[in-house]
Amino acid sequence: MRITLELMSGAQDGEVMKISRTSTIGREKSNEIPLQYDRYISRRHARIIVNDPLVYLEDLSSTNGTYYDGERLTGRVQLENGEHCRIGRTWMQINW
């Protein structure tokens, strides 16, 4: 399964990242999806879990939260193709 994340705000606006396996999102370079320019993102903020054919988004106890469908995520949520989420102040669209 190939997943693309299109960043839709901030310093990395327009950047497209491709992943094919479970990946962490955060400010540190060691994350598979590093978002270093958003100061509202924790060092290890969230995780995209790939369990083909399902894809999940999970918050990793971040300080400023992971938002999905207008609400702060408290655990894990199953995503649908083409949906949007916000991590820190960065909006992204997730497609596969």
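This briefing walks through strand pairing, a nonpolar core and one partly exposed residue in the structure above. The model is a predicted one, and its strands include an open sheet of 5 strands with mixed pairing as well as a hairpin formed by β10 and β11. The largest nonpolar core has 22 residues, and both β10 and β11 are among the elements that give two or more residues to this core.

**The open sheet**

- Read across the open sheet, the strand order is β4-β3-β5-β6-β9, and the pairing is mixed.
- At the edges of this sheet lie β4, covering residues 33–34, and β9, covering residues 76–78, each of which pairs on one side only.
- Within the sheet, strand β3 (residues 23–26) pairs with strand β5 (residues 46–51) in the antiparallel sense over 3 bridges, and Thr-24 has Arg-47 in β5 as its bridge partner.

**The β10 and β11 hairpin and its neighbour β7**

- Strand β10 (residues 83–87) is paired with strand β7 (residues 66–68) through 3 bridges in the antiparallel sense, and here Tyr-68 stands opposite Cys-85 in β10.
- Strand β10 is also joined by 5 bridges to strand β11 (residues 90–95), the two running antiparallel, with Glu-83 standing opposite Ile-94 in β11.
- The hairpin made by β10 and β11 has 2 residues between the strands, and Gly-88 in the turn has a positive phi of about 65 degrees.

**The nonpolar core**

- In soluble globular proteins, nonpolar side chains tend to be buried together.
- In this model the largest nonpolar core has 22 residues, and those with the most contacts inside it are Leu-5, Ile-33, Leu-35, Ile-48 and Leu-57.
- Two or more residues of this core come from each of β1 (3–7), β2 (16–19), β5, β6 (54–59), β10 and β11.
- Leaving out residues up to four places away in sequence, Leu-5 touches Glu-15, Val-16, Met-17, Ile-33, Ile-48, Met-92, Gln-93 and Ile-94.

**Asn-95**

- Asn-95 lies in strand β11, and because its relative accessible area is 22%, which falls between the limits of under 20% for buried and over 50% for exposed, Asn-95 counts as partly exposed.
- When neighbours within four places in sequence are set aside, Asn-95 is in contact with Arg-2, Ile-3, Thr-4, Asn-81 and Gly-82.
- Gln-78 is 17 residues from Asn-95 along the chain, and the C-alpha atoms of these two residues are separated by 13 Å.

How values were computed: Residues numbered from 1 in each chain as written. Predicted model: local features only at pLDDT ≥ 70, side-chain atom pairs only at ≥ 80, totals over all residues. Heavy atoms only, no water. Pairing = 2+ DSSP bridges. Helix = DSSP H or I, 4+ residues; strand = E, 2+ residues; numbered from the N terminus. Buried < 20%, exposed > 50% of the residue type's maximum accessible area, 1.4 Å probe, protein only. Contact = heavy atoms within 4.5 Å. Core = buried A, V, L, I, M, F, W, Y, C linked by side-chain atoms within 4.5 Å.
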